[in-house]
Structures are given as structure tokens and as C-alpha cells.
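Visitor: I am new to this structure. Please show me how it is laid out, then take a single part and look at it closely.

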Amino acid sequence: MTLMKRIIPSLRWLVPVVLVTGLVTSGAAVAAANAPTQGGSATLNGSGSTFQQPFNEQVIGAFKQKNPNVTINYSGGGSGKGRQDFSDQVVDFAGTDAPYPAADAANVKGGTFLYFPTVAGPITVSYNLSGVKKLQLSPETLAKIFQGDIKTWDDPAIKADNPGAKLPSTAITVVHRSDSSGTTQNFTGFLNAAAPGVWTLGSGSTVSWPADQQAGQGNPGVGQTIKSTDGGVGYVDFSDAKALKLKFASVKNKDGKFVAPSLKGTTAAVSKAQVNQDLTYNPLNAAGASAYPITSPTWILAYEKYSDSAKATALKKFLNYIYGNGQKLASSVDYAPLPTSLAGKAKAQVKLISGSSGSSSSSPPST
Amino acid sequence: MATEAPALPASLTKGRRPAGLIADRGFRVVALLAGLTVLVILALIAIYTTREAWPWFRTEGLGIFSDNWDPAHQQFGAGGLIYGTLLVAGVAVLFSLPISVGIALFVTDVAPERIRRPIVYTVDLLAAIPSVVYGLWALFVLAEPLSSLFQSLSDATASIPILKTLFANPSASGKSFMTAGIIVAIMITPIITSITREVFATVPQSQKEAALALGATRWEMIRGAVFPHSRSGMVAGTMIGLGRAMGETIAIALVIGSSPRITANIFGPGDTLASIIANQFGEASGEHRAALIGCGVVLFALTILISMAARAVVSRADRRSAGTG
């Protein structure tokens, strides 16, 4: 006690020191972030969805060749991180596989923001079952498999989906993600929408899977586990499943047709989806005979106003590039381009972005 | 000196050598600052994380200790995670402690002089390997043989009462509490070894020689002279190892199987406070995010509690042995 009494008064000077250091460092950070970029060159930083990362990297690389003075960094980290970073104005744009939950949208600093759909991709139901080359699954059967109601491959429900096929009695090993993921969110969202009476685990970036299932890290981890397990089945994004040479099941769509995952089927699903005013849409379980029902959307988030007009100009150029050449590049990295109507709407929305030197008085006018 | 205090009031300096006093004051301030930095950082972490996690504490209340972690249904009970954290850390210390003490004794009291250095270097080298490398090694090399070992252990003990539940339902991929515990045991071995080794080295040579002169064997000498002298140091080393084990993240996230639950099946998948943060933070928002940050707060509190309990145990034991001896 006496020791504390002696120390505490001698500490009073510490308070201003700590406060001043704090202010100086945070002030410096703000100043650095707001520094205007010179002569048309700009750096755009983004983070978020890992699903769209390979596409973004491809487009950024091609864009950079045409616009060498614009640097774009996209660091991944997950949709949730992207939305959080965007809300906190840590990044200039973000990638997300799901729109903001209603409660979080109000907390976005930096004013009005826009959703830019960029591409879409199928989520495959990949499997490894020796002797079986073709597999068809209805949403109800899928739900039962993934929540552990069906334990073997010769279950009557699977047989009913595959008339005439020879199915072994191998045990089913379900493989899901060990990390939380937009892929899990869209896959469980599909089961929720397409098998509402059967699927009980709900939908989200992580659900409470039965404990006897296997978990893999990332799409490659899930794919790898399926590949090494006879009887394995799991959900894997298209490009990773293709790279691992996995077999895909055809999934029954809303029109009752069994459709194998493909980029055409994905674009078809997106074109049938109801697009909202803000360009968010839900392509899961879309109608249409050729639509592949488990389709993952993805968006880039951008503010309507940037205090640095060089940034705004660069971002507009980049987004326009995505809706031009970018759509052609999509299939080279296994993403489906948007249907032309949606791409047109998105391109029109790019015009809303502006660099304002007037609205926020604190920022220096950029040259 | 940049840290010199400005001129002191005359009343203080009167009758003393000013130069020495100023240097003394300066040193005191520097040392105090260094000491306080730790407290300030700890306090800032605690305040920030608690504030961010507040929505979770508020909505769940005591429900944070339930074992139902189900983000899809907005259920965030960390009971299974706390259990997993303690279990993995416990298993790790259980495996690591005898090995570490053994290595330390071997190096200080048994090994010939010329091979001591190489052994110490090798053990210290283990500490320099990044934890993600341990995790990947466990995932790709260790998990598969372990899963068949778990399966055969489980089959062999199927009729023995307690072991039957303990070893039931082994994970087919080898991702389990046990696998995580083993890999963490390897990771904390260098820490416990190096601390216990330092402590053993402080045992006075005269006491060891006295024990040997009384006719004690080497083991009796270690038990009678080395251990009593080093007890609190060994506990301290174990505590640091335990803290590291409880905070270990990536290696565990890779091999524990990500299935938060309370179960006696130590060969089955589970999850820990730290690993679930690594696995789920990237996609979390709203209460899910608050709950994950809250897991950090819970882990923080848990570590402090355990280290305080250990200290209490040691000081009581020391007092008792001092009283009787």
C-alpha cells in the first residue's frame, strides 16, 4: 500500500505523455492514409472474400499492364474481415460473398456504399467412390447426407436419385470446412432453401456439423481429404475441385433437372435470379432448366464518395475493366461471367462513384 | 543522457551528491516505465477486447459457458472450447513434463561434458520452428499413423470400463484432442526443458556431493538434493509451458478437427478457444465476431486464473517444506 502511495503521485506526468504519443501516432496514420496521390497515380487497397481472390488477382494483373501507375492490392482474409475493414475504412474497397447483415450496414463509416457483382462460381458436390462415375443427388438427399442421416452409399434415398446405378455399400465420409467460409454459407444456404423440411443445421459461415464428420482447411483441404478417402463427399469450389480432378455430382435444380456444375449453368442461374435495387441477388436454387442450383455470388464493395479523387478515378477505371475485359478473363480462372443484363446494370452503377473535394472539408484537395 | 530529469527542487538535493541522485532518479524512471509498459499493454488489451466482446457477454450471460457453439443458429456457448483448451494443454503438459525434466537432468547431471552442448542446441532449435510448420507436419505426417494407433487402442480397450469411453469413437482422419495435445507437447518441450535446466544448474554442487558422500545413488541424490531445491522453478517452467500450450493457435487449428464439444472421447475431434478464433474470425460478423473476441477474453482470464492458482500451490508447498525442514 505504502509503495503504491509513493509511486502513484510520481506517475501523474505519465498521463499527458501517453495521451500525446497516442494522438501523434494516430494522427500520423490518418495523415498517411489521406495523403493525396500525385499525377494520376493511385494505390487502391482491398481485402475480403477469398472466393473471388484468384479472379481479382487475374484481373488486377491484366489491368496493371494497361494502367501501370495504378497499384491495386487485394489481401483476402475472408468476407467477414472484408466487410469489417470496409466498415472501419481500413480499405478502399472490399470483396464479399454475402451482403451486409441489416444490422451491420448502418455501421459502415464512409457514407453510402455500393455493391458491384463481379463474377459467380459454382460450388461442386465432389465425391470419391470407386466404381461410380456418375452420381445424381436431389437437395433432400444431399441434406440427409450432410447432416448424417444417411450413412452408406447404397441408401434407398441415393438409389432413388440414381435409378439403375450400381452403388457400393461403402460408408459415407462427409468432409466440411474447418475454417468458416462463404462457401459453407452458400452451400448451407442452398440446402436451407431447397430442402427446407429436411435440413436442420441452418445456414451460416459455420454450422454445427455432426462430430463424426471430417474437416478440412480451405477448399484445397476439403478436396484433398475427399480425394484420399473412398466414400468421401464434400462441397468444394469449382476451380479447386477441377485442379484436384475430383468427380462432381449432378444436383437437382428447381425445375427438377439434374445439372452438373459448369460455368454455363452458373451464368444461367444468375440470369434467373431476382436482382435487387442495390444489385444484391440470391442465385441459390434458381429456376431454369439449365441452371446449376448451388451458385455462389460475390461482390466488390465501394463507397460512393472518395475524398481522394485520384482513388475514385482509379477505382472507376478498374471496375469498368472488370465489366469489360474482366468478364472475358473470368472463365480462364474457372469463374462464370455475369449475364449481360446484370453486367450492364453494374457498369451503369460505376458512374455513381465520385471523388469529392467539396463534401468533406477536412481532406486536402487533390491535384 | 536524454532521460535525465530536469533540475530537482533544492529540498530534495540538499546534503546529497546531486549527480548520483539524478542518475538514480533517471534509472528509477526508466525501470518503472519498462515495468509499467507491460501493465499498460495488458490493460489496453483487456479493455479493448472486453469492449468488443461486450454484446456477447450481454446477450448470453452465463450462457457463454454452455457447450452449444452453433453460429448458424446464433448460439455461442464457449463451454466446449474451454474444455478443449484445458484438455489439450493438460495432455501436452502431461507428455512434455517428464520428457523435459528428463532431458534437463540428463544434461545437468548425467551426460558427459562434450555432448551437453549439442543436446542443448538441438532442444533449443525445436523452439525456433514456427508453429504452423509443426501443425502442417502433424497434419500430413503424424495424423495418419496416429489414427490407426487410435483405432487399435480403441478396439483393444473396448471392454475396459473407463478406457472404453475415453478411447471411444476415434477420428478417422486422426484429427483429435490427442493429436493436438501431442503436437503441442513437442512445442512446449524446449521451453520447459530450458527453464528446468537452468534451475537444476543452480543446485549447489556441495549439496549434491554431500548426498553422494552419504551413500546416495545418483537417483537418490536427484530426489533428495536436486528436486527439493528446484521445486518452484520447475513449477514456474511448467506454468510457462502451460500458458504457451493454452495459447497455441495455428498448429491446433490444423489438427483438432474443429468440432466444439465436451466429450470424454479424447481420440475424437474437438476445438479450443484459440483455434476457433483462427478458424472463424475471417468470416464472422455481428455477435459471432463479438463471441470470438470474447473467446480471447475468456482465454486471457483462464490463463491468469491458472497461473495464480499454480503460484498459490507452490508458495504453500514451499512454506510447508520450509517449516518442516
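**From chain B to one strand of chain A**

Guide: Read from the N terminus, the elements of chain B come in the order α-α-β-β-α-α-α-α-α-α-α-α-α-α. That makes 12 helices and two strands in chain B. The model is a predicted one. Measured out along its principal axes, the C-alpha trace of chain B covers about 80 × 60 × 40 Å. Chain B has 325 residues, and 39% of them count as buried. Of the contacts in chain B with a separation of 6 or more, 74% are between residues 24 or more positions apart.

Chain B also touches chain A: 24 residues of chain B are in contact with 32 residues of chain A. On the chain A side, helix H4 (79–87), helix H5 (102–105), helix H8 (182–194) and strand S7 (214–216) each supply at least two residues. H4(A) gives the largest share, five residues. Sorted by class, this side of chain A has 20 polar, seven nonpolar and five charged residues.

The part for a close look is strand S8 of chain A, residues 232–237. Is S8(A) mostly covered or mostly open? Mostly covered, as six of its six residues are buried. In a regular strand the side chains alternate between the two faces of the sheet. On one side of S8(A) are Gly232(A), Gly234(A) and Val236(A), and on the other are Val233(A), Tyr235(A) and Asp237(A). Both faces are covered, since all of these residues are buried.

S8(A) pairs with strand S4 (residues 113–128) of chain A in the antiparallel sense, over six bridges. Within that pairing, Tyr235(A) in S8(A) has Val125(A) opposite. S8(A) also pairs with strand S6 (residues 173–177) of chain A, in the parallel sense and over three bridges. Here Gly234(A) of S8(A) stands opposite Val175(A).

Chain A also holds an open sheet of three strands, in the order S5-S10-S11, with mixed pairing. Strand S5 (136–137) and strand S11 (258–259) are at its edges with a single partner strand each, so one side of each is left without a neighbour in the sheet. Strand S10 (residues 250–252) pairs with S11(A) in the antiparallel sense over two bridges. Opposite Val259(A) in S11(A) stands Val251(A).

Note on methods
Residues are numbered from 1 along each chain as its sequence is written. Chains are lettered from A and ligands numbered from 1 in the order in which they are written. This is a predicted model: local features need pLDDT of at least 70, side-chain atom pairs count only at pLDDT 80 or more; totals for chains, interfaces and linings use all residues. Two strands pair if DSSP finds at least two bridges between them. Helices (H or I, at least four residues) and strands (E, at least two) are DSSP runs, numbered from the N terminus. A residue is buried if 20 or more other C-beta atoms lie within 10 Å of its own, exposed if 12 or fewer, and partly exposed in between; C-beta atoms are placed from the backbone. Two residues are in contact if their C-beta atoms, placed from the backbone, lie within 7 Å. Ala, Val, Leu, Ile, Met, Phe, Trp, Tyr, Cys and Pro count as nonpolar, Asp, Glu, Lys and Arg as charged, and the others, Gly among them, as polar.
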